[in-house]
Amino acid sequence: MEVPLDKNHEYWMSLAIEEALKAQAIGEVPIGAVIVKDGEIIGRGYNLRETTHDATAHAEMIAIREASERLGAWRLLGCTLYVTLEPCPMCAGAIVQGRVPLVVYGTPDPKAGCAGTLMNLLQEPRFNHRTELIEGVMQEECANLLSDFFRGLRQRLKERKMLSKENESAAETSVQVPEDPFSPSGLGSSLPK
Ligand SMILES: [Zn+2]
């Protein structure tokens, strides 16, 4: 099927969502990104923080590295970065460093968003580069990905708790409780006690 060059923002965001689903499939928080230049994807990435034990393995960082390699340049001229969640300070910094002209994001991040929610590093007038910004593209889909993921996680933690209570009453029977891919401490205070 031939796809027109002026594919709209929803089209590219749906491909960023596909990246997010790859993260979800391996137990990572579902966040995905793609970088588009001249109607073509030149970088893609999804959150790999747990898998790689790397705090910098955010979807945008991975996509930026791939795009830079593909272009043979650190300046991502003429590129648009699509990401399902508002960029954090690190990724916003990398976007400014890479001179990305346009960022399109899905849903705001009230805890780390640095594209207008907590601060706006993408459009800070004192920096030498400012990025155009479009927010809220496929917001509901992007937000649901995250809320469904965390709901599932809370459910699994709850079931694990119940299971370990049953084990206590069964005295010596040592049923192995499967390890949750995320340690509760790693998830911070967002989970209910
Ligand atoms: Zn980030």
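In this predicted model, pLDDT remains under 50 across residues 1-6, a stretch with 1 contact beyond four places in sequence. A second stretch, residues 173-193, also has pLDDT below 50, yet the model gives it 18 contacts beyond near neighbours in sequence. For the chain taken as a whole, the mean pLDDT is 88, with 84% of residues at 70 or more.

Helix α1 offers a convenient place to begin. This helix runs over residues 9-25, and because each of its 17 residues is expected to contribute 1.5 Å, a span of 24 Å is anticipated; the C-alpha atoms at its ends are indeed 24 Å apart. Buried positions in α1 are W12, M13, A16, I17, E19, A20 and A23. Around the axis they cover an arc of only 155°, so they sit on the same side of α1. E10 and A25, on the other side of the helix, are exposed. Just after α1 comes G27, whose phi is positive, at about 80°.

Attention now turns to the strands. Strand β4 covers residues 102-107, and because 5 of its 6 residues are buried, the rest of the structure largely encloses it. Strand β3 (residues 79-85) pairs with β4 in the parallel sense, through 5 bridges; within this pairing, T80 has L102 of β4 as its bridge partner. Between β3 and β4 the chain passes through helix α4 (residues 89-97), giving a β-α-β crossover that is right-handed. β4 also pairs with strand β5 (residues 132-135), again in the parallel sense, here over 4 bridges. In that pairing, V104 is matched with I134 of β5.

One residue helps to tie these elements together: T84, which belongs to strand β3. T84 counts as buried because 31 C-beta neighbours lie inside 10 Å, where 20 or more are needed. Which residues does T84 contact once its neighbours within four places in sequence are left aside? They are A16, I17, A20, I31, G32, G106, T107, C142 and L145. Among them, A16, I17 and A20 were named above as buried residues of α1, while G106 and T107 fall within the residue range of β4, 102-107. T84 can also be compared with M138: the two are 54 residues apart in sequence, and their C-alpha atoms are 8.3 Å apart in space.

Conventions:
Residues are numbered from 1 along each chain as its sequence is written. This is a predicted model: local features need pLDDT of at least 70, side-chain atom pairs count only at pLDDT 80 or more; totals for chains, interfaces and linings use all residues. A residue is buried if 20 or more other C-beta atoms lie within 10 Å of its own, exposed if 12 or fewer, and partly exposed in between; C-beta atoms are placed from the backbone. Helices (H or I, at least four residues) and strands (E, at least two) are DSSP runs, numbered from the N terminus. Two strands pair if DSSP finds at least two bridges between them. A crossover is right-handed if, with the strands pointing away from the viewer, the path from the first strand over the helix to the second runs clockwise. pLDDT is the predictor's confidence in each residue, from 0 to 100. Two residues are in contact if their C-beta atoms, placed from the backbone, lie within 7 Å. The expected span of a helix is 1.5 Å times one less than its number of residues. The arc is that of the directions from the helix axis to the C-beta atoms.
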